[in-house]
Every structure is written in C-alpha cells, then in structure tokens.
Amino acid sequence: MIREHQQNLIGDRAPDFELPGADGEVYHLTRYLENQHIVGVVFMGNQCPYVRSSLERLKEIQRDFRDRGLVLMGINANDTAQFPEESLEEMKTFAKENDLNFPYLRDSSQDVAHSFGAKTTPQVFLLDGEGTIRYCGAIDDNPSDAEAVTQPFLRQAIVALLEGKAIEQTATELQGCSLKWRDN
C-alpha cells in the first residue's frame, strides 16, 4: 500500500521524529527545539546534483547562523533497495567527504519524509522554536549556480524569524531531484 503524502502547510506543527545520524548519534527533533530558536529540516540525497551544488551554501548558512540559534538537519529518505548509494554507510562517507557541519540523518522507513510531505531533494522546512513550519521550499533561486543566486530564500526566512518579522515568501517553487520512494 502506498501511503499518501501529508501536505504540511505554513503554520502547521512539524511532525516529530527520532532518526539515526551518519555520525552514529540519534537525533530527536523535540530535543533540538528545546535548545534552538530555528531548525531547518533539509531533505537531501547523496547522488542528487542539486544537493551537491547546494552543499557549500547550506554549510555557510549553518556557520553564519549557528551562534544565533539555528541548526540544520539533513535527512535522507531515498529508497536504498533501488538506490544502494543512499544507504547509511554511504551517507557516512558523503558527510565526511563533504565535511558537513550539520547532522545528516537516515529516514529508512520514509515515514518522516511522508509526514512532512517532502517531494524533492533538496527541500527545506524551516521551523520556529515552537516547531511550527514557517517556510517550505528551495534554498535559493538557483540550485545549480551559487554565483547566479538573486533570491536567497532560506537565508531571508532565517533572518526574518530571528528578527521577529514576518517571512515575506513562505513557500517557494522547488527545483531538484524527486525523492526516491519505495515501491510498495
């Protein structure tokens, strides 16, 4: 049976999760929300060229806002039966080779991706400290070329949240690879 994707909307509470990380730790969203002002959940994949071209931007965002209470959490929910290069072991290699400065988590059941309504990689859900979804969409307007970015959507949303202002663009069009769902 194929599960229906839940479509979370801006203003909805994000679904809680507890997932293993590529670093051997277990990450629980609720624990992060207790200590962070903002959590960015980023659905990613090891092989997606859009993710690969966005990694430096994500790491820069984590560096720039870490001291102000932001944590990014990458989640890989891609099916490993069809795509073994998305396995937790391969994620460990990916995280090390790319020197990720944020946790990279494995959603092997795909339940977290389904509960968020994730569709592509990369796709960001930005949560405030209460766990409410405040932004959903792309990192910026040009996933393939950092030099050509004119709208840094995620960065703008983070700044607005930190300053207690309304986010001007709460949802943006996605560009990326489709999430690799299991055949059920």
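**View 1. Cysteines without a partner.** With a relative accessible area of 13%, C136 is a buried residue. This close-up, like those that follow, comes from a predicted model. C177 is buried as well, at a relative accessible area of 15%. How many disulfides does a search of the whole structure find? The search turns up zero. For C136 the reason is distance: the closest cysteine sulfur belongs to C48 and lies 16 Å away, too far for a bond. A disulfide would need the two sulfur atoms within 2.5 Å.

**View 2. An aromatic pair across the sequence.** Six aromatic pairs are found when the whole structure is searched. One of them joins F17 and F116 in a tilted arrangement, with 6.3 Å centre to centre and 55 degrees between the planes. F17 comes from the segment before β1 (18–20) and F116 from helix α4 (residues 111–116), so this contact ties together parts that are 99 residues apart in sequence. Both partners are worth a look for their surroundings: F17 counts as buried at 4% relative accessibility, and F116 is buried with a relative accessible area of 0%. Zoom out a little and the pair becomes part of a group, since F17, F43, F116 and F125 form one aromatic cluster.

**View 3. A second tilted pair.** Here the ring centres of F94 and Y104 are 5.5 Å apart and the planes meet at 45 degrees, so this pair is tilted. It links distant parts of the chain, with F94 in helix α3 (residues 88–97) and Y104 in strand β5 (residues 104–106), 10 residues apart. Are these two residues buried or exposed? F94 is buried, and Y104 is too.

**View 4. A lysine over a ring.** In this frame, look for K180 and F83. K180 lies over the face of F83, 6.0 Å from the ring centre.

**View 5. The largest pocket.** This pocket has a volume of about 190 Å³. Which helix gives the most to its lining? That is α5 (residues 153–162), with five residues. The lining includes Y135, F153, Q156, K165 and Q169. By residue class, it divides into seven nonpolar, two polar and three charged.

**View 6. The enclosed space around P122.** Rolling a probe the size of a water molecule over the atoms shows where empty space is left. In this model the count comes to one cavity of 30 Å³ or more, and about 60 Å³ of space lies in the largest cavity. Its lining is made up of S54, P122, A138, I139, D140, P143 and Q175, a set of four nonpolar, two polar and one charged. P122 deserves a second glance for its backbone: the peptide bond from T121 to P122 is cis, with omega near -5 degrees. P122 sits in the loop between β6 (120–121) and β7 (123–128).

**View 7. Two loop residues with positive phi.** Most residues other than glycine have a negative phi, and most peptide bonds are trans. D99 has a positive phi, near 50 degrees, and is placed in the loop between α3 and β5. Q110 also has a positive phi, near 70 degrees, and is found in the loop between β5 and α4. What sets their surroundings apart? D99 counts as exposed at 57% relative accessibility, whereas Q110 is buried, with a relative accessible area of 1%.

Definitions and conventions
Residues numbered from 1 in each chain as written. Predicted model: local features only at pLDDT ≥ 70, side-chain atom pairs only at ≥ 80, totals over all residues. Heavy atoms only, no water. 1 Å grid on protein atoms, 1.4 Å probe; cavity = no way out; pocket = protein on both sides within 12 Å on 5 of 7 lines; lining within 4 Å. Points joined across faces, edges and corners; volume = space filled by probe spheres on them. Helix = DSSP H or I, 4+ residues; strand = E, 2+ residues; numbered from the N terminus. Nonpolar A, V, L, I, M, F, W, Y, C, P; charged D, E, K, R; others polar. Buried < 20%, exposed > 50% of the residue type's maximum accessible area, 1.4 Å probe, protein only. Phe/Tyr/Trp six-rings, centres within 6.5 Å; stacked < 30°, edge-to-face > 60°. Lys NZ or Arg CZ within 6 Å of the ring centre and 35° of its normal.
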